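Thanks for making time this morning. I would like to walk you through one protein model, slowly, and I will give the cut-offs behind each term as we reach it.

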Amino acid sequence: MTSDDATHWDARYERRSPSPARRPDALDDATAPLIPTSGRALDLACGTGAESVWLAARGLHVTAVDVSPKAVELTKQAVSMAGLDGRVDVAVHDLDDGVPESMSGFDVIVCQRFRDTSLYDVIVERLDPDGIAIVTVLSQTGATTPGSFHAPSGELAAAFDRDDCEVVRHEEADGAESIVVRRVA
């Protein structure tokens, strides 16, 4: 993203409030218990911090990044309001520049509604063995008016169909595709 992207997202977040904890979209009652209660998590494109707060409340230490300084501030506020100060490190980072090498060795990686196909391999590579990745993107499948940010049908299923991944859950409908995968050794 460019500084124009940061400005665009700052404007979108300007009237938003910090988010309460929310389990990532791709998880359901059967898969949520797979998320560990200790270790490290990475929340890519964290937005207002809902998933970061949920992960931290489970006991994980979270690194959260977003291109928008306003989103980062909202995430910090959400963490503080939840009484989880010290459990979430939040930083402005442009994912168009990739994920810094220092961000690796995670038990959980979440990326909700940010689509960059170059991140799919990186997400798996930055997970520890048995780590869980949770990814949701907008999809053309079932979308009433698919746009340029909507993934073609089956994009996540194809991207994570790899020897080092086990698909735990996959769903695609109503304009969204979600996948939960475990990295196998």
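I will begin with the overall picture, then turn to the strands, one helix and a few single residues.

Before anything else, please keep in mind that this is a predicted model, in which local features need pLDDT of at least 70 and side-chain atom pairs count only at pLDDT 80 or more, whereas totals for chains, interfaces and linings use all residues. Residues are numbered from 1 along each chain as its sequence is written, and side-chain values use heavy atoms, with hydrogens and water left out.

The protein has 5 helices and 7 strands, and by these I mean DSSP runs numbered from the N terminus, with helices being H or I of at least four residues and strands being E of at least two. Read from the N terminus, the order of the elements is α-β-α-β-α-β-β-α-β-α-β-β.

As for dimensions, the C-alpha atoms fill a box of roughly 40 × 40 × 30 Å along the principal axes. The radius of gyration is 15 Å, which agrees with the value near 16 Å for a compact globule of 185 residues; that radius is taken over C-alpha atoms, and the globule rule is 2.2 Å times the number of residues to the power 0.38.

Buried residues make up 48% of the 185, where buried means under 20% relative accessible area, exposed means over 50%, and partly exposed lies in between, with a 1.4 Å probe and protein chains only. Of the contacts with a separation of 6 or more, 62% are between residues 24 or more positions apart, a contact being heavy atoms within 4.5 Å.

On charge, there are 17 positive and 32 negative side chains, and the centres of the two sets lie 5 Å apart. Here Lys and Arg count as positive and Asp and Glu as negative, while His and the chain ends are not counted; the place of a charge is NZ of Lys, CZ of Arg, CG of Asp or CD of Glu.

Now to the strands, where two of them pair if DSSP finds at least two bridges between them. Which strands does strand 4 join? Strand 4 runs parallel to strand 1, residues 40-44, with 4 bridges between them, and Asp43 has Val110 in strand 4 as its bridge partner. Strand 4 is also parallel to strand 5, residues 127-138, through 6 bridges, and in that pairing Val108 stands opposite Ile132. Strand 4 itself, residues 106-112, is mostly covered, with 6 of its 7 residues buried.

Strand 1 is joined to strand 2 as well, again in parallel, by 5 bridges, and the partner of Leu44 in strand 2 is Val65. Strand 2 spans residues 61-66, and 5 of its 6 residues are buried.

Helix 2, residues 50-58, is mostly covered too, with 7 of its 9 residues buried, among them Trp54 and Leu55. Its buried residues pack against strand 1, strand 2, helix 3, strand 3 and strand 4. Just after helix 2, Gly59 takes a positive phi of about 115°.

Within that helix, let me single out Ala50, which counts as buried because its relative accessibility is 1%. Setting aside residues up to four places away in sequence, Ala50 touches Ser19, Pro20, Ala21 and Arg22. The C-alpha atoms of Ala50 and Arg23, 27 residues apart along the chain, are separated by 7.6 Å.

A second buried residue is Val180, with a relative accessible area of 1%, and Val180 lies in strand 7, residues 176-183. Beyond its neighbours within four places in sequence, the contacts of Val180 include Leu27, Ile132, Ile134 and Val168. By contrast, Thr145 is 35 residues from Val180 along the chain, and their C-alpha atoms are 26 Å apart.

Finally, two backbone details deserve a look when you have the model open. Most residues other than glycine have a negative phi. Asp130, however, has a positive phi near 75°; Asp130 is found in strand 5 and counts as exposed because its relative accessibility is 55%. Asp174 also has a positive phi, near 55°, and sits in the loop between strand 6 and strand 7, where Asp174 is exposed with a relative accessible area of 72%.
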